[in-house]
Structure formats: C-alpha cells, structure tokens
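The following account leads the reader through one protein structure. It is best read with the sequence and the coordinates in view.

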Amino acid sequence: MSVLYWQPSENRKNERNFNVKKWLQQVIPTPKMIRENARLTDIFGKLLHDPNLWHLNRRSVAGAMAWFVRHVLTIPMQSIIAAGLAILFRVNLPISVAMVWVTNPVTSPPMFYVAYVIGCWILGMHAEGFNVHFWLDWHNWIGVIEPLLLGSLICGAVCGALGYFAVHGIWRWMLLHRIYKRKQRFQVSAASRVNTPSSNRQI
C-alpha cells in the first residue's frame, strides 16, 4: 500500500513554530545577563536561582506586566525594585527588569508631563504648560510633586491592568490560533490519506 504523507510547507512550519514564548526569549534579558548584574547579585544572592523567576508562562509574564506602576514613578534604583517585586511575587524576573527600560531620557519627559496633567485635573489644579521659565525655577517643583505622584500612580495602575489583561488575551489568542492550525493540518492530512488509492485495490 502506498501512503501519501502530508508535509507542511516552509511557511506553515514557521507559522507553527512561532509563539509568544519564543518571541519573548529573543527580546528579554537572558538569565546570564541578570545574574552577571553585580548589584542584583549582591543584594538578592541565591534568591535569583529560584526557577519560578525564569518561567515563561501566561501567569508569570502577565504578573510581571501588572507591576508597570513601579516604572512610572520618579524613584531611583528601579531595576532593584523591579527585581525585588519579581522575587516577592514570583513572576518573571527578566521581563520585570526589562520593563524598567520603558522610562528613559527620551520617554520620561512626555510620560511625566501626562501624569502631571492628569494629577492636576483630579486635584482641580491648574496644569502649567510648556513655560520654560516656570520649569527651570526649582521653587515651582514643590507644587508639581503632588499632582505628578498622583498622576503617576493612576497611569501606572491603568497601564499595569492593561498590560496584565493584554498578555492574557494575546496568550489565549495565540493558543487558540495554534489549536486551529493544528486541526487544519490534521484535516488536510486525513483527507490526503483517504483520497490516496491503495495499490491492492482492484480497478
């Protein structure tokens, strides 16, 4: 009996092999990079060897994204705080540390100004515009701290919630997509076997 084996095309192979986990492994810091960070090693030591900190699953990734609030606050040593929270809540450590990069010299000014405006709106205060003289005078910064912190907390909480549910949604969609493609491949393979004539069949 001659049997026709269905072989997926190269595009389908690539489509099947692509998933969220493999993509994250390419963009987040590796365990070696984290463990070679002298500050993290000195502070947390053997705690960094907890395997739960390196798992790439929906709960771990979503949990790391949910703590976005820690990255929009104007506080020093964000990477250490991010690592500490990841260890405390046993979520993915590389993603938690990588999210610190969201705030950088380019993104921080617009993020903090938006947070400041939101804080002023909630407190019923007048939000100062792009007045150079106002922002260069450090005496005015005292009145900015309260709305800035309040707006940062709100923005961080909202972004954290969006990130948490977005990860769950994307992860679920990718899983359903893979199941659907697997069913399609099975149906095509089954149809090919059924339609292939047997060499022992009488004609």
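**A loop and its surroundings**

Arg90 is found in the loop between α6 and α7. The model is a predicted one, and the backbone at this point deserves attention: Arg90 is not a glycine, yet it has a positive phi of about 55°. With a relative accessible area of 44%, Arg90 is partly exposed.

The loop between α6 (78-89) and α7 (93-98) also holds Asn92. Is Asn92 buried or exposed? Its relative accessible area is 0%, and Asn92 therefore counts as buried, the cut-off being under 20%. A polar atom of the Asn92 side chain lies 2.9 Å from the backbone nitrogen of Ile95. Beyond its neighbours within four places in sequence, Asn92 is in contact with Ile28, Leu53, Trp54, His55, Leu56, Ser60, Ala64 and Ala86.

Ile95 leads from this loop to the nonpolar interior. Not counting residues up to four places away in sequence, Ile95 touches Leu24, Ile28, Leu56, Val61, Ala64 and Met65. Ile28, Leu56 and Ala64 are thus contacts of Ile95 and are also among the contacts of Asn92.

In soluble globular proteins, nonpolar side chains tend to be buried together. Here the largest nonpolar core has 23 residues, of which Leu40, Phe44, Val61, Leu93 and Ile95 touch the most other members. Two or more residues of this core come from each of α4 (38-44), α5 (58-66), α6, α7 and α10 (141-195). The largest share, 4 residues, is given by α6. A second core, separate from this one, has 7 residues, including Tyr116, Val144, Leu148 and Cys155.

Tyr116 is also a member of an aromatic cluster, which it forms with Tyr113, Phe130, Phe134 and Trp135. In the whole structure there are 6 aromatic pairs. One of them joins Phe134 and Trp135 in an edge-to-face arrangement, with 5.0 Å centre to centre and 90° between the planes. Phe134 counts as buried, at 18% relative accessibility, whereas Trp135 is partly exposed, with a relative accessible area of 25%.

The cysteines may be considered next. A disulfide is a covalent bond between the sulfur atoms of two cysteines. How many disulfides does a search of the whole structure find? The search finds 0. Cys159, for example, is in no disulfide, and the nearest cysteine sulfur, that of Cys155, is 6.2 Å away. That separation does not meet the criterion because a disulfide requires sulfur atoms within 2.5 Å. Cys159 is partly exposed, with a relative accessible area of 34%, whereas Cys120 is buried, with a relative accessible area of 0%.

A final point concerns the confidence of the prediction. The mean pLDDT of the protein is 76, and 77% of its residues reach 70 or more. Which of the elements has the lowest mean pLDDT, and which the highest? Helix α1 (residues 10-17) has the lowest, at 46, and helix α8 (residues 108-123) the highest, at 89. Over residues 1-18 the pLDDT stays under 50, and for this stretch the model has 21 contacts beyond four places in sequence.

Conventions: Residues are numbered from 1 along each chain as its sequence is written. This is a predicted model: local features need pLDDT of at least 70, side-chain atom pairs count only at pLDDT 80 or more; totals for chains, interfaces and linings use all residues. Side-chain values use heavy atoms; hydrogens and water are left out. pLDDT is the predictor's confidence in each residue, from 0 to 100. Contact means heavy atoms within 4.5 Å. Buried means under 20% relative accessible area, exposed over 50%, partly exposed in between (1.4 Å probe, protein chains only). A polar contact is a pair of N or O atoms within 3.5 Å; within protein, one must be able to donate a hydrogen and the other to accept it, and residues adjacent in sequence count only if both atoms are side-chain atoms. Rings of Phe, Tyr and Trp (its six-membered ring) pair if their centres lie within 6.5 Å; planes under 30 degrees apart count as stacked, over 60 as edge-to-face and the rest as tilted. A nonpolar core is a set of buried Ala, Val, Leu, Ile, Met, Phe, Trp, Tyr and Cys residues joined through side-chain atoms within 4.5 Å.
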